[in-house]
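Me: Could you take a close look at one part of this model for me, and then follow its links into the rest of the chain? I'm a computational chemist, so please spell out the cut-offs as you go.

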Amino acid sequence: MEMINAIGRRKSSVARVYLTKGEGKITINDKDYKEYFPQVHIQQNITSPFKTVEVENIYDLKVNVDGGGFKGQAEAVRMAIARALVKLNEDFRKPLKDKKYLTRDAREVERKKYGKPKARKSFQFSKR
């Protein structure tokens, strides 16, 4: 098995994942994933595709992630991992799709409009 790569996106984050045979080491931007994402629930979010298809500690991951905040980055990484696993074995598609790991969440931040304090918020209206 050679290297398999995939891309995941969420909000303004882009994650590129490189999957190789190994012992389950996950490196994000040249740091261990537990160091890069110190929150436990985010760490579980990243490893959940492996748990779903029951292939923990079989593959090494090298991830480059850019843009957005930690939540968007974590979900982009999760999507990229799921896509890489599907490239590896087509049988993994059904369980990953059932958990919605292959679905791109297209919600983005709406741009601010001129004459308003935020995207939709208006200043208080005064009739007279």
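Reply: What follows starts at helix H3 and works outwards from there.

A word on the ground rules: this is a predicted model, where local features need pLDDT of at least 70 and side-chain atom pairs count only at pLDDT 80 or more, while totals for chains, interfaces and linings use all residues. Residues are numbered from 1 along each chain as its sequence is written, and side-chain values use heavy atoms, leaving out hydrogens and water.

Helix H3 covers residues 70–88. Helices and strands here are DSSP runs, numbered from the N terminus (H or I, at least four residues, for a helix; E, at least two, for a strand). How far should the 19 residues of H3 span? The expected value is 1.5 Å times one less than the number of residues. That gives 27 Å, and the end C-alpha atoms are 27 Å apart, so the two agree.

H3 is also mostly covered, with 14 of its 19 residues buried. Buried means under 20% relative accessible area and exposed means over 50%, with partly exposed in between (1.4 Å probe, protein chains only).

That burial connects to the core. A nonpolar core is a set of buried Ala, Val, Leu, Ile, Met, Phe, Trp, Tyr and Cys residues joined through side-chain atoms within 4.5 Å. The largest one holds 31 residues, and those with the most contacts inside it are Ile 28, Phe 50, Leu 61, Ile 81, Leu 85 and Leu 96. At least two core residues come from each of S1, strand S2 (13–21), strand S3 (26–28), H2, strand S5 (59–66) and H3. Of the contributors, H3 gives the most, with nine residues. In soluble globular proteins, nonpolar side chains tend to be buried together.

There is a close approach to strand S1 as well. Gly 8 sits in S1 and is buried at 0% relative accessibility. Its C-alpha atom is 5.0 Å from that of Met 79, although the two residues are 71 apart along the chain.

Now for the charged side of the helix. A salt bridge is a side-chain nitrogen of Lys or Arg within 4 Å of a carboxyl oxygen of Asp or Glu, and the structure holds nine. In one of them, Lys 71 pairs with Glu 75, with the closest N and O atoms 3.0 Å apart. Why are these two well placed along H3? Lys 71 and Glu 75 are four residues apart, so about one helical turn separates them. An α-helix has 3.6 residues a turn, so residues three or four places apart point the same way. The partners differ in cover: Lys 71 is partly exposed at 44%, whereas Glu 75 is buried at 15%. As a gauge of distance, the C-alpha atoms of Glu 75 and Lys 116, 41 residues apart along the chain, are separated by 31 Å.

This helical pair belongs to a wider network of salt bridges that links Arg 10, Lys 71, Glu 75, Asp 105 and Arg 107. Within that group, the side chains of Arg 10 and Asp 105 meet at 3.3 Å, N to O. The pair links distant parts of the chain, with Arg 10 in strand S1 (residues 4–10) and Asp 105 in the segment after helix H4 (93–98), 95 residues apart. Arg 10 is buried, with a relative accessible area of 8%, while Asp 105 is partly exposed at 23%.

Another of the salt bridges joins Lys 113 and Glu 110 at 2.7 Å, N to O. Lys 113 is partly exposed at 25%, and Glu 110 is partly exposed too, at 38%.

One last stop concerns the backbone in that segment after H4, where Lys 100 lies. Lys 100 has a positive phi of about 65° although it is not a glycine, and it counts as exposed at 58%. Asp 30 also has a positive phi of about 65° without being a glycine. Asp 30 lies in the loop between S3 and strand S4 (31–32) and is exposed at 68%. Most residues other than glycine have a negative phi.
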